[in-house]
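The following exercises are to be worked with the model displayed. Each task is followed by a solution in steps.

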Number of protein chains: 2
Amino acid sequence: MSFLDLLLGKPLANWEERGERIGPVAGIPIFGLDALSSAAYGPEAALTILIPLGVLGVSYILPVSIAIIILLTIVYFSYRQTIDAYPNGGGSYTVARENIGAPLGLLAAAALLIDYVLTAAVGISAGVGALISAVPSLLPHTLAICLGILALITIVNLRGVREAGAVFLIPTYLFVGTLLTAIGIGVVKALAAGGHPAPVIAPPPVPAATAALGGWILLKAFASGCTALTGVEAVSNGVAAFREPTSPNARKTLAAIIGLLILLLAGIAWLVKAYNIAATDPGASGYQSVLSMLVAATMGKGIFYYVTIGSILLVLSLSANTAFADLPRLCRIIALDSYLPRSFANRGRRLVFSEGIFVLAALTAALLVLFGGVTDRLIPLYAVGAFLAFTLSQLGMVFHWRRVRGPAFRRNMFINGLGALVTGITVLVVLVAKFIDGAWITMLLIPAILLLMYAVHRHYGRVSEEVADSSPLDLRHFRPAQVVVPIERWSAVAKKAILFALSISPDVIGVHVECEWTEQLKKEWQEFVEKPVQELGIAAPKLAIIPSPFRYVSSPIVDYVIDLQKKNPDRQLAVLIPELVERHWYYYFLHNQRAAMLKTLLYIRGSQRIAVVNIPWYIE
Amino acid sequence: MSFLDLLLGKPLANWEERGERIGPVAGIPIFGLDALSSAAYGPEAALTILIPLGVLGVSYILPVSIAIIILLTIVYFSYRQTIDAYPNGGGSYTVARENIGAPLGLLAAAALLIDYVLTAAVGISAGVGALISAVPSLLPHTLAICLGILALITIVNLRGVREAGAVFLIPTYLFVGTLLTAIGIGVVKALAAGGHPAPVIAPPPVPAATAALGGWILLKAFASGCTALTGVEAVSNGVAAFREPTSPNARKTLAAIIGLLILLLAGIAWLVKAYNIAATDPGASGYQSVLSMLVAATMGKGIFYYVTIGSILLVLSLSANTAFADLPRLCRIIALDSYLPRSFANRGRRLVFSEGIFVLAALTAALLVLFGGVTDRLIPLYAVGAFLAFTLSQLGMVFHWRRVRGPAFRRNMFINGLGALVTGITVLVVLVAKFIDGAWITMLLIPAILLLMYAVHRHYGRVSEEVADSSPLDLRHFRPAQVVVPIERWSAVAKKAILFALSISPDVIGVHVECEWTEQLKKEWQEFVEKPVQELGIAAPKLAIIPSPFRYVSSPIVDYVIDLQKKNPDRQLAVLIPELVERHWYYYFLHNQRAAMLKTLLYIRGSQRIAVVNIPWYIE
């Protein structure tokens with residue numbers, strides 16, 4: 001068993017693809033980790049914006065959350081329809097491209113690509129950041145821990161979809177289970193106490209208000225809370241990963257993910273208000289996350305508290321997995337349309353699209369290293385991409401229904417149209433609210449990626465036009481190639497090359513660069529080559545001697561070959577290069593690398609009509 | 001004019017070699033820098049050993065120096081004879097190998113190789129060390145200055161022998177001129193004062209003796225002083241670099257170098273005694289070099305003092321040049337005998353043996369970096385090598401005369417025999433005196449280098465035996481090769497490859513790894529290949545379809561080729577690889593590198609009977 005087998009598992013055959021497919025139970029951790037984990041930071045992000053409003057701010061978490069939940073519900077119904085309409089995977093790119101044109105499809109794709117890379121980096125560093133605020137002694141190892149988790153996620157994903165589901169199952173359900181329990185008990189206690197429960201451990205008092213209520217601050221709170229919606233698109237993109245019946249399985253998974261997310265968001269918002277929990281400043285000392293205060297208030301700081309907080313940390317850092325599950329699929333679809341290198345569409349040894357995984361891992365690692373494992377400054381960059389993709393996808397669906405019609409198409413158009421409208425408004429809100437903080441960078445990156453994708457497409461188009469051919473072989477003007485054999489001294493290697501040359505063409509020229517063996521070679525050529533060939537009644541091969549006063553060897557031969565080709569513009573030319581091949585690399589220092597040099601020069605300076613033939617001689 | 005032309009000069013043609021030769025005036029700086037510069041550290045090294053003897057030690061510099069000068073005189077006469085006997089260059093290696101056998105020749109060579117590398121590193125760092133003791137603010141830049149000087153010496157040597165002579169002319173003659181002037185004036189003053197001159201600037205008082213006189217301390221002083229002799233071998237090795245008449249020119253150069261060196265050594269020893277100058281501890285504060293004290297004592301610290309000291313620094317750091325002049329020549333001669341990679345014998349663009357220069361520069365740089373530019377600890381490692389080479393060379397000459405006879409051969413034998421005897425004793429003295437300090441490392445390195453040289457020789461022998469051939473072409477069993485063309489889809493590229501295949505053999509097989517285009521290709525093959533070929537009345541090429549459940553492409557093709565070759569053990573096989581060649585490197589990401597992969601795999605797993613043919617298609 002090789003090391004690769006051990007690390008990544010044995011290669012899977014094409015026919016095993018069906019066995020790699022998953023059901024809703026595994027689908028929730030694979031495609032839902034990102035969405036579900038956002039319950040841990042979405043409400044907190046909104047509350048942080050509301051800090052300056054004091055007690056009033058805490059009470060405004062309710063309307064803000066309700067707005068987010070309504071948005072989420074609309075998005076749910078929209079994507080539900082997308083899954084039905086696109087059972088082979090209907091990510092924003094596919095839906096937008098097919099219905100409203102390639103440019104808008106690519107716009108959605110570019111937005112999503114940026115978003116996935118950011119999600120992966122921010123997810124990992126958020127989890128590690130939470131871990132470090134719990135165990136401060138790990139601080140010097142921040143980057144190393146981040147990269148370790150990245151490596152783990154990469155390897156698990158390379159091992160295949162099914163294994164990824166199995167690995168992420170426990171942390172996901174532990175997170176959902178403990179958090180729902182805490183929320184449930186909190187709600188029961190609060191109801192029993194008539195809406196004003198006594199906390200087991202009281203949260204810190206809410207500081208006095210320092211700003212007045214205004215539309216702008218609520219808008220910003222909403223925009224920040226919307227990060228809770230990122231990752232919702234994942235299921236629609238990955239429908240093909242589900243087992244038969246694919247669409248219903250995918251739909252069930254999406255329903256479960258969004259249902260759980262709504263429960264979590266609603267429960268958290270209501271309890272925050274009930275227990276009067278304000279966010280604390282993440283930069284200041286005494287910082288504690290909202291969920292930590294909430295669980296402590298409802299359950300106290302027993303074992304349950306630590307299990308809950310532990311599973312939150314775990315799920316946060318593993319939320320990067322959604323990017324790993326989806327970006328390679330997205331890249332594959334774009335690559336099939338020739339807007340990205342085609343190798344993104346190749347399935348690796350475990351049937352996953354390995355190249356996308358590698359590229360995502362590399363970009364994420366680069367971001368983590370660049371920011372030393374603390375990616376807070378990247379947070380304002382995302383959400384724009386996700387909501388732009390949502391909008392384009394929903395808009396595409398509207399045109400889809402108009403084109404396809406079918407029963408109830410008006411109702412379907414209305415649902416997707418509503419989705420497009422509200423997510424479109426959200427894009428504007430998020431963009432305006434976060435523009436200065438960094439959303440402008442996303443606005444610059446998207447056109448850059450678009451340019452790149454168009455350049456790739458144009459190049460593929462040019463190449464395929466150039467090599468396209470659908471005509472039979474034309475065997476009328478059929479002439480054997482001219483063959484040139486560079487030769488330094490007479491040896492078994494040279495002899496073999498000349499024999500091969502004679503076997504492929506009657507038109508052979510030996511080429512020799514003048515050196516101390518020239519005179520001897522001339523005699524040997526006459527005796528060993530010309531004589532036996534003439535005896536067969538064939539014209540004997542010539543030996544061309546090239547002077548080289550500056551002791552260069554390869555370039556005079558290449559000059560000769562190119563010159564010969566110019567003189568015979570209608571003929572194919574083959575250069576036969578005899579080459580010693582050693583069995584051990586360290587012997588290479590003992591031989592001149594002229595064969596390699598000649599090959600490289602011919603490769604660079606050659607043309608359509610020059611074929612290079614390697615005649616290897618393996619030293620035993 | 002290219003950058004390389006500017007840096008290294010225009011390439012020189014073979015016929016310009018004669019113009020590159022030098023006379024004694026340039027020969028002294030090129031081959032004598034190492035020997036002459038040793039006047040600056042030889043006496044100092046001996047005096048440092050004598051420090052514990054106090055005033056008595058200073059007076060013992062005279063007998064020690066006389067012993068060294070006698071040794072030098074004997075070595076001079078010995079090498080004078082070698083130059084006459086070996087006008088094409090009679091380094092220790094050549095003389096020992098021709099007269100007392102290859103093993104002893106290689107022993108001398110290994111000893112010299114080590115010595116040259118050490119000389120280069122120690123020379124540069126000694127010069128820089130002296131510079132830094134004069135300008136302490138340069139201390140943090142020690143390594144950078146060392147590497148800068150190394151780069152300068154390397155480039156000057158790559159520019160050719162004549163230019164090296166021109167560049168090193170001024171510092172060498174300035175050094176000799178100023179030092180001889182100071183010594184001459186000092187001697188005149190001392191004689192005028194009846195042997196007890198009054199110093200212009202008095203040297204520090206000689207410290208009291210801390211040890212008693214003994215044979216061992218005198219032996220160590222002698223051994224240390226003997227470093228003054230290293231570099232004397234250089235001229236005999238480089239006779240071929242002199243213009244006609246070569247031997248007399250070389251002899252004159254050697255006589256001048258040794259004459260000057262004896263004058264310097266004798267003058268320094270006598271003045272040290274007259275002015276009562278003791279060495280100061282190089283590690284302690286208040287350290288001053290012996291020559292600095294001596295020049296200050298005779299001339300005062302005026303401009304003359306600074307010019308003299310400056311030229312000493314310069315010559316010390318440039319003394320590395322002797323290694324650069326000689327090691328490449330030595331490596332060339334060894335390479336011609338196949339004990340080192342043959343490329344050492346190639347003349348570079350300026351007719352010098354560039355590879356030796358590169359290797360020496362790399363090894364020197366490695367030593368300098370390893371020791372941070374301070375190579376004091378390397379000093380005990382050398383001298384052993386030089387004297388071992390001297391001894392073997394002289395011993396070789398004794399056998400040379402016995403063989404050649406000729407007039408006065410007995411006298412010649414005596415001279416060389418005496419040389420061998422005294423240098424042989426010196427080897428033992430140096431080895432014993434410096435064994436613990438590091439000479440043992442040299443004793444380990446020499447056999448290691450010997451083993452390497454023998455391994456190289458053995459390998460060349462095996463290869464040349466295997467490829468040796470002096471028989472004419474055997475055209476009786478002449479069959480065209482089987483040709484295999486890997487093909488993915490039908491395209492102009494594939495078409496061109498198949499046309500070429502048909503032009504070199506009637507026996508062509510298309511090989512296709514199963515994929516989504518398989519069905520289409522089958523049809524195209526029938527229509528575009530089989531039909532037109534059959535119309536000509538020839539058997540049509542087959543299309544072999546290889547299944548690949550694990551999605552590998554290159555290795556199934558290689559397996560197929562190797563299998564085919566096993567089934568046809570008497571036939572040559574050619575694999576034609578169609579390949580897209582892009583004009584820009586960044587397009588490579590857009591195409592799979594299967595052609596390159598296939599070539600590499602065939603290269604590794606191939607055999608004598610598999611030729612690989614590149615059919616390039618250049619994208620316009």
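Two strands pair if DSSP finds at least two bridges between them; helices (H or I, at least four residues) and strands (E, at least two) are DSSP runs, numbered from the N terminus. The model is predicted: local features need pLDDT of at least 70, side-chain atom pairs count only at pLDDT 80 or more, and totals for chains, interfaces and linings use all residues. Residues are numbered from 1 along each chain as its sequence is written, chains are lettered from A and ligands numbered from 1 in the order in which they are written, and side-chain values use heavy atoms, with hydrogens and water left out.

**Exercise 1. Determine which residue of chain B is the bridge partner of Val613(A).**

Step 1. Strand 5 of chain A and strand 5 of chain B (residues 610–618) run antiparallel and are joined by 3 bridges.
Step 2. Within strand 5 of chain B, Val613(A) has Val613(B) as its bridge partner.

**Exercise 2. Describe the extent and make-up of the interface between chain A and chain B.**

Step 1. Counting contact as heavy atoms within 4.5 Å, 86 residues of chain A touch 86 residues of chain B.
Step 2. Buried area is the accessible area (1.4 Å probe) that two parts lose on being put together, summed over both. For this pair of chains the value is about 7,000 Å², with 60% coming from carbon and sulfur atoms.
Step 3. On the side of chain A, the most area is lost by Leu473(A), Arg551(A) and Tyr603(A), which together account for 12% of what that side buries.

**Exercise 3. Identify the polar links across the interface and the elements that supply it.**

Step 1. A salt bridge places a side-chain nitrogen of Lys or Arg within 4 Å of a carboxyl oxygen of Asp or Glu. The count between chain A and chain B is 2.
Step 2. The side chains of Lys495(A) and Asp469(B) form a salt bridge, at 3.3 Å from N to O.
Step 3. Elements of chain A that each supply at least two residues to the side touching chain B include helix 17 (409–467), helix 19 (518–535) and strand 4 (573–581). Helix 18 of chain A gives the most, with 10 residues.

**Exercise 4. Locate the unusual backbone geometry.**

Step 1. Most residues other than glycine have a negative phi, and most peptide bonds are trans.
Step 2. The peptide bond from Glu244(A) to Pro245(A) is cis, with omega near -10°; Pro245(A) sits in the loop between helix 10 (234–237) and helix 11 (246–275) of chain A.
Step 3. In chain B, the bond from Glu244(B) to Pro245(B) is cis, with omega near -10°.
Step 4. Leu351(A), not a glycine, has a positive phi of about 70° and belongs to the loop between helix 14 (320–336) and helix 15 (354–370) of chain A.

**Exercise 5. State the confidence of the prediction.**

Step 1. The mean pLDDT (the predictor's confidence in each residue, from 0 to 100) of chain A is 89.
Step 2. For the complex, the predictor gives an ipTM of 0.82 and a pTM of 0.80.
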